[in-house]
Amino acid sequence: MRKEILRMEHVTKSYAGVIYLDNFNMQIYKGEIMGLIPINRQGKSELIELLCQNSPIDYGRIYINNELVNYYEHSTNSINRVYVINQKSKLIQDLTVSDNIFVLRRGFKKYIINNKVLRGQVNKYLKEIGIYIDPDELIADLNPFEQCCVELVKAVITGANLIIISDITNILSVVDLSKLYQLVNFYADKGYSFLFVGNHHEEMFTICHRVSLMKDGTIIKVLDEQDMKNDLIKFYTISFTDNKQKIDRYNGQGILEFENICTGNLNKMSFSVKKGECVVLFDTNNTIYSDLLDLMNGELSPIFGRILYNNQVYAENAARKALENGIAVISEDSIQKMIFYNLNYIDNLCFLIDKKIEKKIMKRKIKKSIIREYENILGEEIYLNDLSDLEPASLYNLVYYRLHLYNPNIVFCIQPFSGADMYLRKHISDLIYELKKKGITIIIIAVNISDTLSVADRLMIIEQGAVLKEYPKDEFESIHVIA
């Protein structure tokens with residue numbers, strides 16, 4: 001009989017009258033990789049927090065290693081041996097690898113073991129998984145994949161009963177993600193148990209033994225390995241292409257061209273983008289993002305090659321005024337980085353357009369005109385003074401319609417679907433579609449293409465800083481295996 005590591009029975013958890021987990025049931029066995037796909041965001045973070053610490057619940061029971069650790073009549077607030085690996089590393093950046101793995105362990109006394117012994121222990125565990133990292137290296141000097149490896153080794157050494165990996169695909173390249181899958185499978189074969197939390201069923205089907213679908217804080221379906229098929233999961237997902245009017249195909253006029261561009265991370269990169277086109281740059285190594293944007297905003301000059309924008313050489317002085325010249329960026333985590341929460345809604349919406357309006361024009365009159373134009377789209381929220389209570393979908397509206405109003409020639413979207421649940425990803429897809437309808441050229445930089453193909457006209461596979469292959473829209477079906 002398989003040993004049960006986790007069992008949650010009819011768990012209900014609420015806070016301030018809001019139910020986050022509703023009759024939640026889950027079982028995870030020893031050596032199993034269980035996938036969890038939250039169709040909406042309700043309950044995801046609360047579930048992870050509850051697995052880590054036995055905080056009060058309204059109903060149900062939780063067992064770890066067949067021991068009752070939490071139930072509705074009594075919660076101890078004790079800490080479980082559960083380790084979470086997510087986008088934000090818990091490692092201390094200014095300490096070494098060995099110090100993070102061993103010295104920070106509860107009850108460990110560094111003075112009883114010298115540095116040579118610590119290094120030897122670290123090397124032993126890293127060698128076992130085929131990863132070579134200097135134990136004396138500072139965590140701050142490691143790349144995201146190496147930091148994930150250190151956290152995984154730390155979870156194993158500290159004896160975690162359950163290792164949770166949450167939304168990690170947003171920071172790893174497809175190459176590193178494949179390596180991480182191999183490590184997770186290696187430890188699963190040795191008897192360690194995993195809960196793999198992600199937003200894309202393609203990823204879950206690749207790595208997991210079973211997959212649970214969660215909606216509104218409850219498990220609505222558990223897929224066994226034989227059930228992990230696209231035609232079965234489609235009944236629980238939503239389409240990203242429904243109800244979209246056909247957009248006239250881009251007119252073929254070139255707007256941006258890279259000719260043999262070389263930088264630290266770009267290797268003779270050549271591509272062209274047409275006006276009104278939506279192109280996805282799928283970076284398998286996750287290395288081109290910073291160089292590409294630095295080139296466009298004038299913070300970096302190419303070692304070799306040239307950039308053409310509207311058939312003119314894109315010189316450094318033009319790049320330093322990229323926004324004024326019609327080139328805009330929607331950053332990753334845009335609702336954290338691109339919204340000014342000290343300003344009201346309409347001032348946020350008009351933040352870029354203010355740069356276009358001459359000072360002699362009355363701004364109040366212009367803003368009234370903008371309110372009339374966008375009220376039917378954005379609703380009563382356009383009159384809000386406080387943005388702190390807005391839902392993520394409304395905040396994304398603000399980010400994208402600010403660019404819709406500004407109407408640049410090109411918008412670079414950096415991992416636009418990162419961290420979003422299924423409904424929010426659909427909403428972001430529709431917002432990108434609205435920019436396309438206005439004739440704005442969209443360039444999406446992504447390390448995951450599962451959602452981007454719904455809005456793309458063309459896909460470019462980037463490997464080691466160069467364009468490896470291009471796919472037009474009518475060939476997208478043949479590349480789903482990459483997602």
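**Exercise 1. Determine whether Arg41 is buried, partly exposed or exposed, and identify its salt-bridge partner.**

Solution. Step 1: in this predicted model, Arg41 has a relative accessibility of 48%. Step 2: the class "partly exposed" covers values between 20% and 50%, so Arg41 counts as partly exposed. Step 3: the partner of Arg41 is Glu391, and the closest N and O atoms of this salt bridge are 2.6 Å apart. Step 4: Glu391 is situated in the loop between α12 (363-378) and α13 (392-406), while Arg41 is in the loop between β3 (33-38) and α1 (44-52); the pair therefore ties together parts that are 350 residues apart in sequence. Step 5: Glu391, at 47% relative accessibility, is likewise classed as partly exposed.

**Exercise 2. State where the salt-bridge partners Glu277 and Arg458 lie along the chain, and whether they are buried or exposed.**

Solution. Step 1: the closest N and O atoms of Glu277 and Arg458 are 2.7 Å apart, and the two residues form a salt bridge. Step 2: Glu277 belongs to the loop between β12 (269-274) and β13 (278-283), whereas Arg458 belongs to strand β19 (residues 458-463). Step 3: with these positions 181 residues apart, the pair links distant parts of the chain. Step 4: both Glu277 and Arg458 are buried.

**Exercise 3. Assign an accessibility class to each member of the salt bridge between Glu316 and Arg320.**

Solution. Step 1: the closest N and O atoms in this pair are 2.4 Å apart, which satisfies the limit of 4 Å. Step 2: Glu316 has a relative accessible area of 37% and is partly exposed. Step 3: Arg320 reaches 58% relative accessibility, so Arg320 counts as exposed.

**Exercise 4. Give the number of salt bridges, and name residues linked in a network.**

Solution. Step 1: the count comes to 18 salt bridges. Step 2: Glu4, Arg7 and Glu9 are linked in a network of such bridges.

**Exercise 5. Identify the residues that form a nonpolar surface patch with Tyr236, and locate Tyr236.**

Solution. Step 1: the patch consists of Ile220, Phe235 and Tyr236, which together have about 300 Å² of accessible area. Step 2: Tyr236 is found in the loop between α7 (230-233) and β11 (254-262). Step 3: its relative accessible area is 30%, and Tyr236 is partly exposed.

**Exercise 6. Explain why Cys52 forms no disulfide.**

Solution. Step 1: a disulfide requires two cysteine sulfur atoms within 2.5 Å. Step 2: the cysteine sulfur closest to that of Cys52 belongs to Cys148, at 16 Å, which is too far for a bond. Step 3: the whole structure contains zero disulfides. Step 4: as for accessibility, Cys52 is partly exposed at 21%, whereas Cys350 is buried at 0%.

Technical notes
Residues are numbered from 1 along each chain as its sequence is written. This is a predicted model: local features need pLDDT of at least 70, side-chain atom pairs count only at pLDDT 80 or more; totals for chains, interfaces and linings use all residues. Side-chain values use heavy atoms; hydrogens and water are left out. A salt bridge is a side-chain nitrogen of Lys or Arg within 4 Å of a carboxyl oxygen of Asp or Glu. Helices (H or I, at least four residues) and strands (E, at least two) are DSSP runs, numbered from the N terminus. Buried means under 20% relative accessible area, exposed over 50%, partly exposed in between (1.4 Å probe, protein chains only). Patches are made of residues with over 30% relative accessible area and no salt bridge: like charges are joined within 9 Å, nonpolar side chains (Val, Leu, Ile, Met, Phe, Trp, Tyr) within 5 Å. Accessible areas come from the Shrake-Rupley method with a 1.4 Å probe; for residues, only the protein chains shown count as cover.
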